[in-house]
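Me: I'd like to go through the labels people put on a model and ask what earns each one. Shall we start?

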Amino acid sequence: MCGINGFIYKQNTSKDILNSKIHSMNNLIIHRGPDDDGVFTEENKNYSIAMGMRRLSIIDLHSGKQPISNDNKSITIVFNGEIYNYLELKKELLNQGASFKTNSDTEVILKLYELEGVKSFSKLDGMFAFSIYDKKTGKVFIARDFFGEKPLYYTNNSKKIIWASELKSIIKDLDVKPKINKKGLNLFFRLTYIPAPYSIYEDIHKLEANHYISYDLNNGSLDIFPIEESKKYIIDNSITLTKAKKDVKELMYNSVESRAISDVPLGTFLSGGVDSSIVSLCLSQASSKPIDTFSIGFQKKSYDESDKSRVVAKMIKSNHHEFIISEKDLEENIHEILLNFDEPFSDSSSLPTYLVANKTREHVTVALTGDGGDEMFGGYNKYYMGKLNQKYTSLVPKIIHKSFNKIIAPALKVSNDNRGIRFKAKRLLNSIDYNGQFYWDIISLGYTKNSLHNYLKPSSLDDDIFTYYKTKTGIDKPKSISDFRTIDKHLSLEGDMLVKVDRTSMLNSLECRAPFLNKKIWNYSHTLPEKFLMKGWDKKFILKEAFRDQFTKGFLDKSKSGFGAPVGDWLKSTLRAELESYILEEDLINQDIFDATKIRELVYNHLSGKEDNTFKVWTFYCFQKWYKNIYLNTIL
């Protein structure tokens, strides 16, 4: 686990300059790999290349130093991540006559590529971002894993191509200050994050999950290809509940076991929800001694669910570490946490995720998480909303809905950030759509399309932000849980959930692994009839049934609020002065992004308690924090 950087200058450049720049890029991401670093540079007549990495040592602590080259030095790789099936792949390669100098998974990728080329990328089970320089073919390949667990940004212009694990490394080597990308801006305010292939900057992109870049050093062409997957999803309507339960249990045990390979101490994040509880259970049963589990709670009781994690910890007899946090605990860290994303990001659960990672790193170097369980097995409340929208719009005429919404909307207003029944009912009503587009509004956690028109100036608006993803997925009007999950894989999983965990854990030099994020589990879940994912209104039905006999009666059916933070309250107290500094009328007018009058009204209605606008105001706050502290201070 580490971070990577690289660049190609489309001209001959001295080694001193190459080394200076790649080390400078590496130094910006020391937090991703404090144990070691390595660089590779090469000058040629028409181009110069540099690749670098920072290493967090997890496997093959002594001989896994990167970059790694093949025997004749014609192929070189830098790699960030973990390949969980590398021992199986290594055995196959040994049988084909390959030899190895290290015990690392990095060298397995290199040898596999040497024998099979880019088609070998589909064989990798893991989280990764890597770049391979193939001097013989005159090409560089840059790849990203199936789910997008590991980040990869890149930019390409007439002078150079740059790629990196974090935006800050690319910004460091630009010649001109980049402009704000309008599509990225609108995606952020709608979703609260920016999914690949966009970033907040024009001409800087995220490589999409399960894709690779092919860059030809001879003619300067850059092409992007999907990593080919031969799997086609065919629903097996004949499968029995007994067989599905057996399959799911076996897949989970195998995945946890593969993701528990480590030469350093390992534990689990245990929130007390279904997913993290199952991961912790599987790890405890695979371990010969008690495992370490880590949880976090809040002083504000409506957000605190640490009692659930205690129940599981006691059941599996783990060494449980519990941390209860208050607003004060975040005062010193909130600035560092939010700005480390390098672009606007307003998922408030990043704050407690950072703190649990910070506390966990005091005890272990690797933590297994429950991330991905909802996407794999249909566990989100928004999947309910999808079903409800279909039923509602089939029964209630559009004209009646509009009248009803006008009457009921004032009664659903709340004055504080409690996210209770009225909050959920309001969100559902706001997402009702008669044109088949409801799911795109359901996932818009910041502003809906209509509400964003009230707050952004016309020159800043872009209503066409989802067209790319509709084309990519082939889903314009999502109807099924399969549709919802596919959209989530391309947007919220890659752009939000995995970004949150990667940045907050890496900021603490902690490696997080997600057993649910396994291609075999994803592929299998897509062969199950939807009744096995959501039976009636019972979410994650098959997952819970597979492990029901392992937990106390009723435990897996308990509701869980999620892993947010009471930022709506904090905006009225600790963060209030900073928030108010972001709505000075003259500054807003000069910024030329927002309707100054309306955005000020939105913020003051929240601060006064007239109406809870937590999601909108927090999204605005996070954008302004990035804009004032990073964008305005980017001097090139």
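Reply: Sure, beginning with burial: buried means under 20% relative accessible area, exposed over 50%, and partly exposed in between (1.4 Å probe, protein chains only). Keep in mind that this is a predicted model, where local features need pLDDT of at least 70, side-chain atom pairs count only at pLDDT 80 or more, and totals for chains, interfaces and linings use all residues. Residues are numbered from 1 along each chain as its sequence is written, and side-chain values use heavy atoms, with hydrogens and water left out.

Me: Why is Asp-203 called exposed?

Reply: Asp-203 has a relative accessible area of 53%, and exposed asks for over 50%, so the label holds for Asp-203. Asp-203 sits in the loop between α5 and β10; helices (H or I, at least four residues) and strands (E, at least two) are DSSP runs, numbered from the N terminus.

Me: What makes the phi of Asp-203 worth a remark?

Reply: The phi of Asp-203 is positive, about 70 degrees, and Asp-203 is not a glycine. Most residues other than glycine have a negative phi.

Me: Which value of phi does Thr-192 have, and is Thr-192 buried or exposed?

Reply: Thr-192 has a phi near 85 degrees, again positive in a residue other than glycine. Thr-192 belongs to the loop between α5 and β10. With 5% relative accessibility, Thr-192 counts as buried.

Me: Where are the cis peptide bonds at Pro-67 and Pro-197?

Reply: One runs from Gln-66 to Pro-67, with omega near -5 degrees, and Pro-67 lies in the loop between β3 (48-55) and β4 (68-69). Another runs from Ala-196 to Pro-197, with omega near 10 degrees; Pro-197 is in the loop between α5 (182-191) and β10 (205-206). Most peptide bonds are trans.

Me: How do you know that His-211 is buried?

Reply: Its relative accessible area is 9%, which is under the 20% limit, so His-211 is buried. His-211 is in strand β11 (residues 211-216).

Me: What makes the pairing of His-211 with Lys-472 a polar contact?

Reply: Their side chains come to 3.0 Å, and a polar contact is a pair of N or O atoms within 3.5 Å (within protein, one must be able to donate a hydrogen and the other to accept it, and residues adjacent in sequence count only if both atoms are side-chain atoms). So the His-211 and Lys-472 side chains qualify. Contact in general means heavy atoms within 4.5 Å; leaving out residues up to four places away in sequence, His-211 touches several residues, including Ile-142, Arg-144, Phe-225 and Lys-472.

Me: Why is the packing of α2 on α3 called oblique?

Reply: Helix α2 (residues 86-95) and helix α3 (residues 105-116) pack at about 45 degrees, with their axes 10 Å apart. That makes α2 oblique to α3, because angles under 35 degrees count as roughly parallel, over 145 as roughly antiparallel, 65 to 115 as roughly perpendicular and the rest as oblique. The axes are lines fitted to C-alpha atoms, for helices over the stretch in contact, and angles run from 0 to 180 degrees between N-to-C directions.

Me: Which hand does the crossing of α2 and α3 have, and which residues make the contact?

Reply: The crossing of α2 and α3 is left-handed; that means the near helix is turned anticlockwise from the far one by less than a right angle, whereas clockwise would be right-handed. The contact is made by Tyr-86, Leu-89, Lys-90 and Leu-93 of α2 and Asp-105, Val-108, Lys-111, Leu-112 and Leu-115 of α3. By class, that is six nonpolar, no polar and three charged residues. Here Ala, Val, Leu, Ile, Met, Phe, Trp, Tyr, Cys and Pro count as nonpolar, Asp, Glu, Lys and Arg as charged, and the others, Gly among them, as polar.

Me: And what about Gly-184: buried or exposed?

Reply: Gly-184, in helix α5, has 0% relative accessibility and so counts as buried. Neighbours within four places in sequence aside, Gly-184 is in contact with Ile-194, Ser-199 and Ile-200.
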